Amino acid sequence: MKTIFDINFQGKKALIRVDFNVPLDENFNVTDANRIEAAQPTIAKILKDGGAVILMSHLGRPKGKEDKYSLKHIVSKIEEVFGKPVKFAEDCRGEVAQKAAAELQMGEILLLENLRFYSEEEAGDIAFSRELASLGDVYVNDAFGTAHRAHASTTIIANEFPNDKCFGALLAKEIESIDKVLKDSEKPVTAILGGSKVSTKITIIENILDKIDHMIIGGGMTFTFIKALGGSVGNSICEDDKMELALEILEKAKAKGVQIHLPIDVLAADAFSNDANTQVVDVKAIPSGWQGLDAGPKTLAEIKEVIAKSRTILWNGPIGVFELPSFANGTIALGEFIAEATKNGAFSLVGGGDSVAAVKQFGLESKVSYVSTGGGAMLEMLEGKTLPGIAAILK
């Protein structure tokens, strides 16, 4: 796996695909700079070598050129994070981009305008890829969040750099962290899968069963399993058409020697509201009109015990409706159990939008081994898929 650390960038212009698709408020202020901060090690290395940096990214889903999606809005935040001035090209192709790239001096940073202002980007257009490629000497992919898309700037462009392409520090770390769970894990390995639906996790479950020892199932997907096993789930979220699938998963896990941990009790509510009446009930006996919205104390005690003995931990999906403070306790406790296990030497990987939001919200980000920056991309890797953006660098 060729990374930026295998190349000396002195005198070279590095064309870097980053994922600066960051959230903005109504005044175009960046509300979460995590993705910009994540690219810093790659950019710092190239500049330290004596190279120049040309950044390519998308922002949002524009329909043609729309000012609200212009990357000019994030220039000041990039400058703040990198502690250096950033030049901005008001286009990512044509004379404007060519001139800006040609005039770029070593040690400088140039940001190109939003790639998705052109439909050719998402179409994976070869001519568009070649235009972009002409701007730099070396292609660096550091955008894990878009590595599962065969777009012009994430995949097709790599063909223009047969010997001068590599992974950035962030993308290399993402691959390494997922491989540490799927290929080089220290046992026992525990996967915690939460979220609302079994249907969105089925491929992941099937792909990781051979690689894990324990699977903790939580969140809304719990109730499809419980109902399939003959339990009463009240008004809890449930995919009735996936009950047979849930039973098949339990059978497959048993055949492979994987211990499945379903909740024992839940915190149930009489409405989906932070102010609802609540009670702790047996997960198989949720009263009619009530719904399970968080893990109960007995469940958390069992989870704590399993995680404490684990050496490799994958967490994807919350185990309660953590967006409502009344039902956040289970997800917070789970995060703390993982943090404690990590402190004691376990490797922990957190990925998937809601899990990442939870660790950030509850201040646990620095207490786990790695927090993935790419929701969809990470899920596809866990499903065993080869991501086009990664394959393009490897070939």
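Buried means under 20% relative accessible area, exposed over 50%, and partly exposed in between, with a 1.4 Å probe and protein chains only. This is a predicted model: local features need pLDDT of at least 70, side-chain atom pairs count only at pLDDT 80 or more, and totals for chains, interfaces and linings use all residues. Residues are numbered from 1 along each chain as its sequence is written, and side-chain values use heavy atoms, leaving out hydrogens and water.

**Exercise 1. Classify Val 81 by accessibility and list its contacts.**

Step 1. Val 81 has a relative accessible area of 17%, so Val 81 is buried.
Step 2. Place it: Val 81 is found in helix H3 (residues 75-82). Helices (H or I, at least four residues) and strands (E, at least two) are DSSP runs, numbered from the N terminus.
Step 3. Contact means heavy atoms within 4.5 Å. Leaving aside residues up to four places away in sequence, Val 81 touches Ala 33, Ile 36, Glu 37 and Gln 40.
Step 4. Take Ala 33: 48 residues separate Val 81 and Ala 33 in sequence, and their C-alpha atoms are 8.3 Å apart.

**Exercise 2. Describe the surroundings of strand S1.**

Step 1. Strand S1 spans residues 13-17, and five of its five residues are buried.
Step 2. Sort the side chains. Lys 13, Leu 15 and Arg 17 point one way; Ala 14 and Ile 16 point the other way. In a regular strand the side chains alternate between the two faces of the sheet.
Step 3. Find the partners. Two strands pair if DSSP finds at least two bridges between them. S1 pairs in the parallel sense with S2 (residues 52-56) over five bridges, and in the parallel sense with S5 (residues 138-141) over four bridges.
Step 4. Name bridge partners. Ile 16 has Leu 55 in S2; Arg 17 has Asn 141 in S5.

**Exercise 3. Classify the ring pair of Phe 322 and Phe 362, after that of Tyr 118 and Phe 128.**

Step 1. Rings of Phe, Tyr and Trp (its six-membered ring) pair if their centres lie within 6.5 Å; planes under 30 degrees apart count as stacked, over 60 as edge-to-face and the rest as tilted. The count comes to three aromatic pairs.
Step 2. Tyr 118 and Phe 128 are 5.8 Å centre to centre, with 40° between the planes: tilted. Both residues are buried.
Step 3. The ring centres of Phe 322 and Phe 362 are 6.1 Å apart and the planes are at 75°, so this pair is edge-to-face.
Step 4. Compare exposure. Phe 322 is buried at 3%; Phe 362 is partly exposed at 23%.
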